[in-house]
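The following exercises ask the reader to work from the sequence and the coordinates to a reasoned description of the fold's interior, its surface and selected residues. Each task is followed by a solution set out in steps.

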Amino acid sequence: ANRELWSSREGDFSKARKRLEQKPLSIERTKGSEILFGIAPCSLALSHSRRDLFRLFLKESSGSRRLVMSEFVLQATARGVPVHHVKRRELDALCRGQVHQGVCLEATPLRFKSLEEAEKPDLGDEENPNQQLIWLVLEQIQDPMNLGALLRSAYFLGVDRVVTSQRNSCPLTPTVSKASSGAMEVFDVYSTDDLRSFLKAKTAEGWEVVGTVSKPEDVENVPVISCLEFRWNKPVIIVIGSEGDGLSLETQLLCHRMLAIPPGRALHPGIESLNVSVATGILLHSICSQKLRHGD
């Protein structure tokens, strides 16, 4: 009987030990910090001094990624950031199960910049009054994956500035940075609490405000053209609306023209539109490619 009791107790101890081993270490977070995750966001946050950085967490024995990890150690050492080698489940717990690629970085959050902080763009001199500037304005983009993808495309395609509406817009979270493949770490994002006044002011300064629409028949009182027909002759603002509703009516009415993407076939009802970040990538490429040609 004693032997059975002993063996059942030993079994209990063994289960308890396993439970302890499985439970991730609880890592005390620095007050006001957030956890960035993924190779590109963490690397770019380390190389650009836009955040305060507290600790870098790397997965132990990374195998094929050993070279990448040693680069991270060098980057962190150069910035004076402590490096902790931890188990994968610690990283999973730190970033709540997101795809971290073996890297997490504890840092202060990035904030939107206010337009008051923005330096005035140079609209060119007398010889070149129509310099081709392009700004992207986002009205109530709420999905962090979409916001990240939009920032990635805007950065890649040469957009000069991104401005978001403060109301009902997604903040600059680690998920946005990962979805932007780190573009958020190097590209300033501005916000305004009065989108309509901002668009009116830019119109008064000589900018063209161009909206976007998936169904041309939904637009009244504003001319709709294909993005393939659009030609630049002044600085331009492209305004993108929210995922579900598109641009608000008030914002549509401040647009000089609306752009639509012509589909390549007759579309089935229910799949007549594109994801907002994909549509924006197509529109920006169509417009920015003119900028490249113009500069050649």
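## Exercise 1: Helix H7 and its cover

The buried residues of helix H7 are covered by elements that include strand S6 (134-138), strand S7 (161-165), S8, strand S9 (208-212), strand S11 (236-240) and helix H8 (249-252). The model is a predicted one.

Task. Identify the buried residues of helix H7, and establish how they are arranged when seen down the axis of H7.

Solution.

Step 1. Helix H7 spans residues 195-204, and its buried residues are Leu195, Phe198, Leu199 and Lys202.

Step 2. Viewed down the axis of H7, these buried residues fall within an arc of 95°, and therefore they line one face of the helix.

Step 3. On the face turned away from the buried side, H7 carries the exposed residues Lys200 and Ala204.

Step 4. Just after H7, glycine 206 adopts a positive phi of about 100°.

## Exercise 2: The chain as a whole

Task. State how many helices and strands the chain has, and what percentage of its residues count as buried.

Solution.

Step 1. The secondary structure consists of nine helices and 12 strands.

Step 2. The chain has 296 residues, of which 41% count as buried.

Step 3. Among contacts with a separation of 6 or more, 86% are made by residues 24 or more positions apart.

## Exercise 3: Two residues with positive phi

Task. Glutamine 140 has a positive phi, as does serine 181; determine where each lies and whether each is buried or partly exposed.

Solution.

Step 1. Most residues other than glycine have a negative phi.

Step 2. Glutamine 140 is not a glycine, yet has a positive phi of about 60°. Its place is in the loop between S6 and helix H5 (144-157).

Step 3. The relative accessibility of glutamine 140 is 19%, so glutamine 140 counts as buried; the cut-off for buried is under 20%.

Step 4. Serine 181, also a residue other than glycine, has a positive phi near 55°. Serine 181 lies in the loop between helix H6 (174-179) and strand S8 (189-192).

Step 5. With a relative accessible area of 30%, serine 181 is partly exposed.

Step 6. Beyond its neighbours within four places in sequence, serine 181 is in contact with Ala40, Leu44 and Arg152. Serine 181 and cysteine 42 are 139 residues apart in sequence, while their C-alpha atoms are 9.8 Å apart in space.

## Exercise 4: Two buried serines

Task. Locate serine 242 and serine 289, and find the backbone atoms that their side chains approach.

Solution.

Step 1. Serine 242 is found in the loop between S11 and H8. Its relative accessibility is 13%, so serine 242 counts as buried.

Step 2. A polar atom of the side chain of serine 242 lies 3.3 Å from the backbone nitrogen of aspartate 245.

Step 3. Not counting residues up to four places away in sequence, serine 242 touches Glu139, Gln140 and Ile141.

Step 4. Serine 289 belongs to helix H9 and is buried, with a relative accessible area of 18%.

Step 5. The side chain of serine 289 reaches the backbone oxygen of histidine 285 at 2.9 Å. A polar atom of that side chain also lies 3.1 Å from the backbone oxygen of serine 286.

## Exercise 5: Strand S12 and the largest pocket

Task. Describe the surroundings of leucine 259, then characterise the lining of the largest pocket.

Solution.

Step 1. Leucine 259 lies in strand S12 and is buried, with a relative accessible area of 1%.

Step 2. Apart from neighbours within four places in sequence, the contacts of leucine 259 include Val210, Val213, Ile225, Phe230, Leu283 and Ile287. Leucine 259 and proline 223 are 36 residues apart in sequence and 8.7 Å apart in space, C-alpha to C-alpha.

Step 3. The largest pocket holds about 810 Å³ of space. Of the 32 residues lining this pocket, Val213, Ser214, Lys215, Ser273 and Leu274 are the closest to its centre.

Step 4. Strand S12 (257-260) and helix H9 (276-295) are the elements that give two or more residues to the lining. H9 gives the most, with four residues.

Step 5. By type, the lining divides into 15 nonpolar, 11 polar and six charged residues.

Notes:
Residues are numbered from 1 along each chain as its sequence is written. This is a predicted model: local features need pLDDT of at least 70, side-chain atom pairs count only at pLDDT 80 or more; totals for chains, interfaces and linings use all residues. Side-chain values use heavy atoms; hydrogens and water are left out. On a 1 Å grid over the protein atoms alone, a cavity is a set of points where a 1.4 Å probe fits but cannot get out, and a pocket is an open set with protein on both sides within 12 Å along at least five of seven lines; lining residues have an atom within 4 Å of a point. Grid points are joined across faces, edges and corners, and a volume is the space filled by probe spheres set on the points. Ala, Val, Leu, Ile, Met, Phe, Trp, Tyr, Cys and Pro count as nonpolar, Asp, Glu, Lys and Arg as charged, and the others, Gly among them, as polar. Buried means under 20% relative accessible area, exposed over 50%, partly exposed in between (1.4 Å probe, protein chains only). A polar contact is a pair of N or O atoms within 3.5 Å; within protein, one must be able to donate a hydrogen and the other to accept it, and residues adjacent in sequence count only if both atoms are side-chain atoms. Contact means heavy atoms within 4.5 Å. The arc is that of the directions from the helix axis to the C-beta atoms.
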